[in-house]
Each structure stands twice: as C-alpha cells, then as structure tokens.
Amino acid sequence: MTHQNSVLALRLQELQRTTKPFNARGSKVLRCEHCLLPQPDCICFAKPTPCAKSAFLFLMYTGECFKPTNTGRLIADVALDNHAFVWDRTVPDPALLALLSDPAYQPIVIFPTQYAAPKRCISQIDDNGKIPLFVLLDGTWREAKKMFSKSPYLDQFPVLGIQPEQASSYQLREAAHLHQLCTAEVVIEVLKVANDQAAASALADYFHTFRKHYMIGKPHLNFQARSGDGEN
C-alpha cells in the first residue's frame, strides 16, 4: 500500500472545489504544504515512518481540513492505512459507506461512551481477524456531537471512549471542557488500547514537536512554548 496523507489530500480536493478563497485568520501566512506550519517552523524533519497497525477514518466537519491547528494530518502520517471524508448529514460519500462495509475492517467509533447505548460500548479491542478501523469525528466538540447523533450509518458499530487522566496539553484551541483532548491526544490513547505502543510513541513524539513549533510561531503562546521545552 502506497502511503498517502488522506487529510492533506482531502484539503487539496476541497480547496479545488470551493468557489470562495479560504480567508480565515492566518490564511496569508506562507506555510509548508505538508505540515501546514509557517515555513520557518516546518516540522517535516520530524515526520515519522508510518507504523500503526490499525486503520483510521476521519469524518471531518465542513472546513475542518483547512485548519492548521487540526492534528488529523499528524495521525495520517503515522498510519499507513488512513482515509478522510467530509461529513454530510444527508448524502454520505459512497466511498465512505463502501469502506465501512468492507469485510476486511472492523469499524470502531471513537467517542465518549456516555453518549452511546451501553450495548455499543467497549473498553478493549477484540481480535476477530479484522483490521480495526477507528472512526474519528473531527471538528469542534459541538460539531462532533452532531456528527455522532446524525450519522445513522455509524449506529451499528461499537464505540470506544477514551477517558483522559489529565487535562489536555494542546492549548492551540479552546476546549469546551478542561478534560477534552485534541484528536492526536485521543489517538495516542487509542493506540495504547490497541496494544500498538510503537505507533503511540511515534505519534506522541510527533505531536509534541508539532505543538512546540506551532506555539513558537505564536507570540501570545511563547511563554507556554518555552515552559514546555522540558516536557517528556
């Protein structure tokens, strides 16, 4: 399998499709085309070799793939088998539905279990001979809840929830609740549950580098970046 970062591919597809320029804050910054950080802060030197044993499916809310703060592309760099789609409430992508029905995969939705029926909730991953396909609902917390409740094609799949033991160290976006993790932090924990420690460590190191370099480029976050230099 040839490695492709599906999140970046989706971003390019959506940029080519849109009729309006992407003019969000920071849109005029000259960025690396891969890591999306400002060119002086590029972290492509730290890009790991894809090593995750599981597959990942990103369902991204409209516009999410454009955001430089989105960490889905970091996960896609670590996972050889990765797929990304823009979420549509009424007309899901046929390729998305085909992937979910592929007998080679066992889709598992990553979401807090308190929002799912108890019979769907799991705490470990059974070895049934299929490749775990972790479904990530990528957007703001409000958008992720909307995707979870309004995607009937996901209702048949088990739900794995990650309960963080400490507050997120992300700090690049304001979370609705202190305990909420960003997507990369969630996947680090998911990989641990999947007994894929090598991929969890690779993603943790990559995320740490991303977070540090992103904050160096933000004057109002420079204090956090300097204070984080000694983080593990």
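The exercises below concern a predicted model and are each followed by a worked solution.

**Exercise 1. Overall layout**

State how many helices and strands the chain has, and give their order along the sequence.

Solution. The chain has 7 helices and 6 strands. Read along the sequence, they follow the pattern α-β-α-β-α-β-β-β-α-β-α-α-α. Of the 232 residues in the chain, 45% are buried. Among contacts with a separation of 6 or more, 78% join residues 24 or more positions apart. The area that the chain exposes is about 12500 Å², and carbon and sulfur atoms supply 51% of it.

**Exercise 2. The faces of helix H4**

Determine how the buried residues of H4 are arranged about the helix axis, and which strands they pack against.

Solution. Step one is to list the residues. In helix H4 (residues 141-149), Glu143, Ala144, Met147 and Phe148 are buried. Step two is to look down the axis: the buried residues of H4 fall within an arc of 140°, so they line one face of the helix. The general rule for such spacing is that an α-helix has 3.6 residues a turn, so residues three or four places apart point the same way. Step three is to examine the other side of H4, where Arg142 and Ser149 are exposed. Step four is to find the partners: the buried residues of H4 pack against strands E1 (55-60), E3 (105-110), E5 (131-138) and E6 (159-160).

**Exercise 3. Three salt bridges**

Identify the salt bridges in the structure and classify the burial of the residues in each.

Solution. The structure holds 3 salt bridges. To classify them, take buried as under 20% relative accessible area and exposed as over 50%, with partly exposed in between.

- Glu14 and Arg17 meet through their side chains at 3.2 Å, N to O. These residues are 3 apart in helix H1 (residues 6-17), about one helical turn. Glu14, at 15%, is buried, whereas Arg17, at 55%, is exposed.
- Lys67 pairs with Glu64, with the closest N and O atoms 3.2 Å apart. Lys67 is partly exposed at 26%, but Glu64 is buried at 1%.
- Lys192 and Glu189 meet at 3.4 Å, N to O. Both lie in helix H5 (residues 183-193), 3 residues apart, about one turn of the helix. Lys192 is partly exposed at 38%, and Glu189 is partly exposed at 30%.

**Exercise 4. A loop residue**

Locate Thr71 and find which backbone atom its side chain reaches.

Solution. Thr71 lies in the loop between E1 and helix H2 (72-78). Its relative accessible area is 2%, so Thr71 is buried. The side chain of Thr71 reaches the backbone nitrogen of Ala184 at 3.0 Å.

How values were computed
Residues numbered from 1 in each chain as written. Predicted model: local features only at pLDDT ≥ 70, side-chain atom pairs only at ≥ 80, totals over all residues. Heavy atoms only, no water. Buried < 20%, exposed > 50% of the residue type's maximum accessible area, 1.4 Å probe, protein only. Helix = DSSP H or I, 4+ residues; strand = E, 2+ residues; numbered from the N terminus. Arc of directions from axis to C-beta. Contact = heavy atoms within 4.5 Å. Areas by Shrake-Rupley, 256 points an atom, 1.4 Å probe, with all protein chains shown as cover. Polar contact = N/O pair within 3.5 Å; in protein donor to acceptor, adjacent residues only side chain to side chain. Salt bridge = Lys/Arg side-chain N within 4 Å of Asp/Glu carboxyl O.
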